Amino acid sequence: MALALAVPVFGPPAAGKTTLTAALGALPGRAVFRLREHVPETILAATATSAERLGWIDDFTVVTALRGYIEATASASAAHTVLFDNFPGSGAQVRFFLTVLEQHAPGCAVRAVELAADTTTLYRRAFQRRVCHRCERDPIRDPRLPAVPSVEDAQRCARCGGILHPRRGDAPRLLRARLNRYRQTADGIREAFTAAGVPVTQLDGGASADQTAEAMTVLLTRSSQP
Ligand SMILES: [Zn+2]
């Protein structure tokens, strides 16, 4: 099984990128790349303590993490499709990304997806969403994966019964800063893909998670046909 399709998914915070990539990435032959899972803990810790950095990771670390992942995935024949959750994060990262793919997975097609939603929806989602510290053992205690609330008690995790918490980066001041940063970098991401001949598809992240996943499935099916 050769790596045949790479699907970078980018978009503003709370657009539903993690929910979408997790749902589709769980199917056989697919995998999800999340940058911070491949970055040394010490570097994550350094980014977390600074509000200005907002989790920003330097280019050297990004390229090293990405190359290691692509190399391992391609040589293990572990997946035919890899979804990239919230990656690349800048025009420069788009260029690294395409170069690394070309070197380690030649012939792999790339379909970029921008998941967008209006600001009201983003704020509402960020305000409502919760994470579970028990189910997601994050190295710097900053879990990101959406947790499902229990039916009996919406404050508790449906899986482990632990108390759910808001995401650290969803605090209003940080969310505003993350939205601004996204707006500043999105043009560069789109332009870098377009310059490299990679189509960018806009998907509506304001729809329900199921509807978005369905729209994405149609896109992936079309992309994987010769
Ligand atoms: Zn839990």
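Which residues in H4 are buried? The tour below reaches that helix after a view of the whole chain; the model shown is predicted.

**The whole chain**

Begin with the entire protein chain displayed as a cartoon. Seven helices and six strands can be traced in the protein chain. Followed from the N terminus, these elements come in the order β-α-β-α-α-β-α-β-β-α-α-β-α. Along its principal axes, the C-alpha atoms of the protein chain fill a box of roughly 50 × 35 × 35 Å. A compact globule of 226 residues would have a radius of gyration near 17 Å, and the value for the protein chain, 17 Å, agrees with this. Of the contacts with a separation of 6 or more, 75% join residues 24 or more positions apart. Buried residues account for 31% of the 226 residues.

**The largest nonpolar core**

Next, select Val9, Val82, Phe84, Leu101 and Val113. These are the residues with the most contacts inside the largest nonpolar core, which has 38 residues. Among the elements that each supply at least two residues of this core are strand E1 (5-10), strand E3 (81-85), helix H4 (91-104) and helix H6 (172-195). Helix H3 gives the largest share, five residues. In soluble globular proteins, nonpolar side chains tend to be buried together.

Keep Leu101 selected and add Ala6, Ile70, Cys108 and Val110; Leu101 touches each of these four, leaving aside residues up to four places away in sequence. A second, separate core of five residues can then be found by selecting Val131, Ala147, Cys157 and Leu164, which are included in it.

**Helix H4**

Now select helix H4 (91-104). Its 14 residues should span 20 Å at 1.5 Å a residue, and the end C-alpha atoms are indeed 20 Å apart. The opening question is answered here: the buried residues in H4 are Gln93, Val94, Phe97, Leu98 and Leu101. Turn the view to look down the axis of H4: the buried residues fall within an arc of 135 degrees, so they line one face of the helix. The partners against which these buried residues pack are E1, H3, strand E4 (109-110) and H6.

**Phe97**

Finally, centre the view on Phe97, which lies in helix H4. Why does Phe97 count as buried? Phe97 has 27 C-beta neighbours inside 10 Å, and 20 or more are enough for a residue to be buried. Display Pro8, Leu66 and Pro88 as well, since Phe97 touches all three, not counting residues up to four places away in sequence. To end, select Arg67: it is 30 residues from Phe97 along the chain, and the two C-alpha atoms are separated by 8.5 Å.

Methods:
Residues are numbered from 1 along each chain as its sequence is written. This is a predicted model: local features need pLDDT of at least 70, side-chain atom pairs count only at pLDDT 80 or more; totals for chains, interfaces and linings use all residues. Helices (H or I, at least four residues) and strands (E, at least two) are DSSP runs, numbered from the N terminus. The radius of gyration is taken over C-alpha atoms; the globule rule is 2.2 Å times the number of residues to the power 0.38. A residue is buried if 20 or more other C-beta atoms lie within 10 Å of its own, exposed if 12 or fewer, and partly exposed in between; C-beta atoms are placed from the backbone. Two residues are in contact if their C-beta atoms, placed from the backbone, lie within 7 Å. A nonpolar core is a set of buried Ala, Val, Leu, Ile, Met, Phe, Trp, Tyr and Cys residues joined through C-beta atoms within 7 Å. The expected span of a helix is 1.5 Å times one less than its number of residues. The arc is that of the directions from the helix axis to the C-beta atoms.
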